[in-house]
Amino acid sequence: MQAFFRKYLSLLMYSFPVQLLLLHFKSQLLFLLLWLFLFGVLAGQFGSSMGFRYFMLDPEYMGAVSFWSFFIIGLTLGMFYMAWNSTTYILYSPKFPFLASLSRPFAKFSLNNFTLPGLFILYYLGSLIHFQWYNEFADEYSLIYYCLGLILGFSSLIFLSLLYFRWTNSELYFLQQKQQLKLSAPLKALILRKNERMLAEAKANPYVNALRTDYYLTERLHFRPTRSVKHYDFKLLEQIFKQNHANALLIQSLSITALILMSAFVDVPYFRIPTAASVLILLSVLTTFLGALSYWLNAWRSPVLVILLLLTNSLLKDGWLSYENAAYGMDYSKKARYNYAVLDSLARPEQMIADKKHQLQILENWRKQFPKGRFLRKPKLICVAVSGGGQRAALWSMHVLREIEKRLEGKLMPHTVLMTGASGGMWGSAYFRELYYQKQLGRELNPLDSSYLVNVGKDLSNAPMFTFLVNDAFVPWVKRKVNGYTYKQDRGYSWEQQFIENTEGLMNRNLQDYMEPEFNGQIPMMIISPIIINDGRYLYISPQPLSYMMRPAFAKDYAEVDAVDFGALFQEQNPYNLRFCSALRMSSTFPVIFPNVQLPSTPVLEAMDAGFRDNYGVETALRFSANFKEWIKKNTSGVLIISIRGNEKVEPIEQAERPGLGSTIFSPLSAVFDVGNLQDYQQDAMLGQLQAQMGEEQLDIVRFVYRPTTLEQKASLSLHLTAREKLDILSAILLPANQAALDRLEELVK
């Protein structure tokens with residue numbers, strides 16, 4: 001019995017599929033990590049807080065999760081599988097010389113190399129069914145269509161690829177007749193061995209590196225014994241592998257060229273493939289690149305890779321590979337000077353007084369909406385402050401605004417003077433303000449209609465990710481004209497276009513479009529506040545002059561300038577021609593997701609996510625209120641700050657873990673990088689200081705906090721939300737604390 005088991009264990013051990021799997025672990029761990037990365041994404045072990053797994057389990061195409069969205073995922077998964085196969089075939093085939101004696105050697109290699117991809121596809125299908133049933137409430141027929149789409153897409157790509165290799169790859173019997181390989185001179189030069197000495201050694205003993213392989217799997221899923229090829233001419237076998245390698249390199253090169261050309265079509269919705277498909281194509285390109293390094297450089301690949309990274313870094317610094325990620329609508333032909341002397345002049349006392357007078361006129365125009373009288377109650381001045389957090393924050397902020405407007409019977413927007421905040425929260429609040437403005441203009445629409453809430457929850461990930469794949473990852477060559485100026489296309493442009501489409505074109509506005517309605521008090525002001533990376537100052541973007549916001553709210557005149565009035569600094573660069581979506585994007589530029597925006601200045605300023613300094617918008621609201629506290633006390637019944645947050649103000653205190661090497665080094669830094677808590681502490685201090693100056697009855701703050709209701713954990717910080725996540729966000733308004741906040745608002749705004 002033991003001999004029987006030893007025999008079959010030996011047969012299994014030396015079968016081609018097992019030998020290939022072991023070789024992956026032994027020789028090319030880097031390629032194996034790409035599959036482990038995909039497993040980790042599906043399992044929620046990688047990027048779970050950003051919703052990475054949803055891109056694979058709930059892909060949208062043309063605004064819907066469908067058979068075709070999974071079909072495209074299947075196609076690109078097949079592309080990655082074939083890139084992985086062709087790369088490993090180039091690297092591994094010399095270790096399995098028996099392949100050269102077989103018909104369709106690449107097809108047989110691919111079939112025997114299917115162990116790891118096969119396990120991944122089974123895991124993918126199981127995860128897909130569970131996720132769609134539990135999170136998207138999909139029925140049985142939808143699950144069948146989704147799985148069928150994935151399988152058909154994968155199979156179609158494999159079939160087409162193998163068909164190509166079937167008609168282009170040479171086989172042994174063919175070369176025995178021809179006796180020589182007919183390749184073009186450039187292709188021969190491309191696939192020559194690294195140096196003559198190594199080739200000579202290989203010819204002297206061609207099978208020294210061959211791995212023992214007793215059986216291989218055929219296309220009919222039968223195991224057959226391998227045949228020895230020692231009696232064949234080594235030069236003939238080498239020609240066969242060169243032919244196969246050349247075909248693999250050719251199809252990989254054509255794929256990369258096609259990707260670069262596709263960047264011209266990012267404005268066409270049909271080309272905006274699901275985000276996961278873009279990631280899989282990117283992994284295919286990465287596999288091809290790493291495979292080429294391994295094949296040509298062998299042991300030198302790591303040093304050369306380091307040199308390439310250093311060279312790329314140098315070229316980026318020198319401007320050869322870099323390009324401006326622009327704020328669309330601004331004039332980049334002129335450069336604004338940026339230094340402390342300029343900032344100090346923009347915030348000089350006489351300028352601040354002039355801008356305050358301008359703002360006081362806005363407040364007076366707003367106040368005219370409400371009747372005046374000795375015995376009439378003065379109106380509350382409302383400031384809406386929203387937190388960041390991608391699509392989750394956008395949907396939550398707009399949903400809360402709708403619910404408040406319904407509870408207050410239309411009093412919210414007329415009482416609101418200022419809206420501010422960070423990233424996703426600003427997307428939702430800006431859209432709600434635009435709907436209110438359209439109604440003011442006489443357009444027949446209802447801002448409380450649920451269809452607009454649906455628009456906010458639509459996918460925003462496909463367009464920027466596809467653009468990153470076909471455009472940003474290479475040297476961008478496509479240009480777009482926006483508001484009279486021409487810019488290079490990037491993923492920021494694609495996000496703006498997608499956001500405009502999702503909002504039915506209503507957000508296709510420029511900053512100057514809001515100048516007059518804000519001044520007249522028709523709509524609330526909106527201050528967008530990205531951070532300047534160069535020095536950490538606020539960049540306050542508004543169609544109104546804001547020099548009075550450039551110094552700390554409670555400081556004396558000699559306090560250092562810690563914020564910049566966008567319109568004043570860039571007065572020569574056509575600042576109010578800025579596309580409003582570009583301003584929103586500047587306050588949302590989370591690293592990697594969106595590119596940092598470079599502004600036309602000397603030195604070049606870079607703007608990024610407002611959340612790194614004021615993720616809740618409260619500091620900006622308090623700074624504004626402090627500047628006009630006397631007018632507010634005289635003309636209103638006080639300031640009411642409505643804070644719409646994506647997380648708790650007071651989180652449970654976590655138990656400290658036993659110190660390991662990592663925690664010993666990084667634990668002291670964790671408090672420094674706990675941005676949310678530090679901002680809350682600072683804003684509470686500012687809130688207390690302003691209450692002391694104005695009186696407690698003159699300053700109220702009401703908070704609406706998103707907490708998970710139907711989910712075990714919060715919805716992801718992503719550009720895509722699942723149906724269950726959307727339901728969870730919408731249900732959070734029913735929580736007792738948020739209902740109590742609505743009751744309190746109803747009492748304060750009578």
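Visitor: Which arginine forms a salt bridge with glutamate 560?

Guide: Welcome! This is a predicted model, and we can start in its loops. Glutamate 560 sits in the loop between β10 (538–540) and β11 (563–565), and its partner sits in the loop between β9 (531–532) and β10, 23 residues apart along the chain. The closest N and O atoms of the pair are 3.3 Å apart. The partner is arginine 537.

Visitor: Is glutamate 560 buried or exposed?

Guide: A residue counts as exposed when its relative accessible area is over 50%. Glutamate 560 has a relative accessible area of 51%, so it falls on that side of the cut-off. Its label is therefore exposed.

Visitor: And arginine 537, buried or exposed?

Guide: Here the cut-off to use is the one for buried residues, under 20% relative accessible area. Arginine 537 has 10% relative accessibility. It therefore counts as buried.

Visitor: Which residue forms a salt bridge with aspartate 562, and where is that partner found?

Guide: Aspartate 562 is in the loop between β10 and β11, and the pair links distant parts of the chain, 61 residues apart. The closest N and O atoms are 2.9 Å apart. The partner is arginine 623, found in helix α27 (residues 618–627).

Visitor: Are aspartate 562 and arginine 623 buried or exposed?

Guide: Let's take them in turn. Aspartate 562 has 14% relative accessibility, and arginine 623 has a relative accessible area of 2%. Buried means under 20%, so aspartate 562 is buried, and arginine 623 is buried.

Visitor: Which residues are linked with Asp562 and Arg623 in a network of salt bridges?

Guide: Side chains of opposite charge can pair when their charged atoms come close. In this model, Asp562 and Arg623 belong to a network of such bridges. The other members are Arg613 and Glu619.

Visitor: How many salt bridges does the structure hold?

Guide: We have already met some, including the bridge between glutamate 560 and arginine 537. Another is the bridge between aspartate 562 and arginine 623. For the structure, the count is 19.

Visitor: Which helices are linked by the salt bridge of glutamate 496 and arginine 585?

Guide: The side chains of glutamate 496 and arginine 585 meet at 2.6 Å, N to O. Both residues are buried. They stand 89 residues apart in the chain, glutamate 496 in residues 491–502 and arginine 585 in residues 580–586. The helices are α22 and α25.

Visitor: Which lysines form the positive surface patch, and where is lysine 372 found?

Guide: Lysine 372 has a relative accessible area of 55% and is exposed. It is found in the loop between α16 (349–367) and β4 (381–386). The patch is formed by Lys368, Lys372, Lys378 and Lys634.

Visitor: Which helix gives the most to the nonpolar patch?

Guide: This patch is formed on the surface by Phe25, Leu29, Leu30, Leu33 and Leu36, with about 470 Å² of accessible area together. Phenylalanine 25 lies in helix α2 (residues 16–27). The helix that gives the most, with four residues, is α3 (residues 29–43).

Visitor: How many residues of α17 are buried?

Guide: Helix α17 covers residues 390–407 and reaches 26 Å from its first C-alpha to its last, close to the 26 Å expected. The helix is mostly covered. The number buried is 16 of its 18 residues.

Visitor: What is the phi of glutamate 409, and is that residue buried or exposed?

Guide: Most residues other than glycine have a negative phi. Glutamate 409, in the loop between α17 and α18 (412–415), has a positive phi although it is not a glycine. Its relative accessible area is 70%, making it exposed, and its phi is about 55°.

Visitor: Why is α19 described as largely enclosed?

Guide: Helix α19 covers residues 423–440, and its end C-alpha atoms are 26 Å apart, which agrees with the span its 18 residues should have. Just after α19, glycine 442 takes a positive phi of about 100°. The helix is largely enclosed by the rest of the structure because its buried residues number 16 of the 18.

Visitor: Which peptide bond is cis, with omega near -5°?

Guide: Most peptide bonds are trans. The bond asked about leads to a proline in the loop between β13 (601–602) and β14 (605–608). It runs from threonine 602 to proline 603.

Terms used
Residues numbered from 1 in each chain as written. Predicted model: local features only at pLDDT ≥ 70, side-chain atom pairs only at ≥ 80, totals over all residues. Heavy atoms only, no water. Helix = DSSP H or I, 4+ residues; strand = E, 2+ residues; numbered from the N terminus. Expected span 1.5 Å × (residues − 1). Buried < 20%, exposed > 50% of the residue type's maximum accessible area, 1.4 Å probe, protein only. Patch = residues over 30% accessible without salt bridge, like charges linked within 9 Å, V, L, I, M, F, W, Y side chains within 5 Å. Areas by Shrake-Rupley, 256 points an atom, 1.4 Å probe, with all protein chains shown as cover. Salt bridge = Lys/Arg side-chain N within 4 Å of Asp/Glu carboxyl O. Lys, Arg positive; Asp, Glu negative; His and termini not counted. Charge placed at Lys NZ, Arg CZ, Asp CG, Glu CD.
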